[in-house]
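Grab a coffee and have a look at the chain below. The exercises that follow deal with charged pairs and with the nonpolar core, each with a worked solution.

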Amino acid sequence: MKKKFILIFLVIFSLSSCGYSPIYYNADIKTFKFNILKLIGDEEMNNIINLEFKKISDESAKNTLDLNINTEYVRSILSKNKEGKATSYSLNNLIKFEVINNKKSQMFIFNEEIKTENMNNEFELREYEKTVKNNFIKSKIKELILQLSIENK
């Protein structure tokens with residue numbers, strides 16, 4: 001009985017003080033007010049970007065940033081079968097953020113390529129593409145805000 005108690009106590013004690021902390025725990029994530037001046041490129045990506053910036057933009061924030069955004073999405077055929085039907089694709093996402101702050105301009109470029117096999121039907125492939133675009137945009141907007149927060153300390 002004592003051995004079980006000591007073992008449980010040691011396991012709990014060792015796990016409670018492992019020193020884990022998130023990577024950006026001490027990062028001062030600032031809030032920004034975003035004004036989108038120009039949004040060109042892929043229409044579906046632009047709609048997602050517009051909605052995401054409306055969600056995260058803080059109207060009462062002191063830091064106001066103007067954005068020019070250029071998006072691009074390309075689906076390329078990598079291979080075909082004997083019948084000539086595509087069997088694999090390459091999905092390329094590209095976002096260029098030009099951030100203008102007090103007449104100073106910075107460019108942030110994010111690019112991602114995903115290779116995928118053909119789906120059973122076109123609807124599944126379109127839904128997969130929407131998911132890829134959505135996840136890419138959300139992660140890159142978070143990355144942009146983190147970089148801006150670190151640079152504006």
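**Exercise 1. Place Arg126 and Glu122 in the fold, then work out how they pair.**

Step 1: Arg126 and Glu122 both sit in helix H3, 4 residues apart, which is about one turn of the helix. Helices (H or I, at least four residues) and strands (E, at least two) are DSSP runs, numbered from the N terminus.

Step 2: A quick word on the source: this is a predicted model, where local features need pLDDT of at least 70 and side-chain atom pairs count only at pLDDT 80 or more, while totals for chains, interfaces and linings use all residues. Residues are numbered from 1 along each chain as its sequence is written, and side-chain values use heavy atoms, with hydrogens and water left out.

Step 3: Arg126 and Glu122 form a salt bridge, with their closest N and O atoms 3.3 Å apart. The term means a side-chain nitrogen of Lys or Arg within 4 Å of a carboxyl oxygen of Asp or Glu.

Step 4: Arg126 is partly exposed at 40% relative accessibility, and Glu122 is partly exposed with a relative accessible area of 40%. Here buried means under 20% relative accessible area, exposed over 50%, and partly exposed in between (1.4 Å probe, protein chains only).

Step 5: Through shared partners, salt bridges join Arg75, Glu122, Arg126 and Glu129 into one network.

**Exercise 2. Which parts of the chain does the Lys33 and Glu59 pair tie together?**

Step 1: The side chains of Lys33 and Glu59 meet in a salt bridge at 3.7 Å, N to O.

Step 2: Lys33 is in strand E1 and Glu59 is in the loop between H2 and E2, so the pair ties together parts 26 residues apart in sequence.

Step 3: Lys33 is partly exposed at 23%, whereas Glu59 is exposed at 58%.

**Exercise 3. Is Lys133 buried or exposed, and what does its side chain meet?**

Step 1: Lys133 is buried, with a relative accessible area of 4%.

Step 2: Its side chain meets that of Asp42 in a salt bridge (3.3 Å, N to O).

Step 3: Asp42 lies in the loop between E1 and H2 and Lys133 in helix H3, 91 residues apart, so to speak a link between distant parts of the chain.**Exercise 4. How many residues are in the largest nonpolar core?**

Step 1: The count is 26 residues, and Phe34, Ile95 and Leu148 are among those with the most contacts inside this core. Such a core is a set of buried Ala, Val, Leu, Ile, Met, Phe, Trp, Tyr and Cys residues joined through side-chain atoms within 4.5 Å.

Step 2: The largest share of this core, 8 residues, comes from H3.
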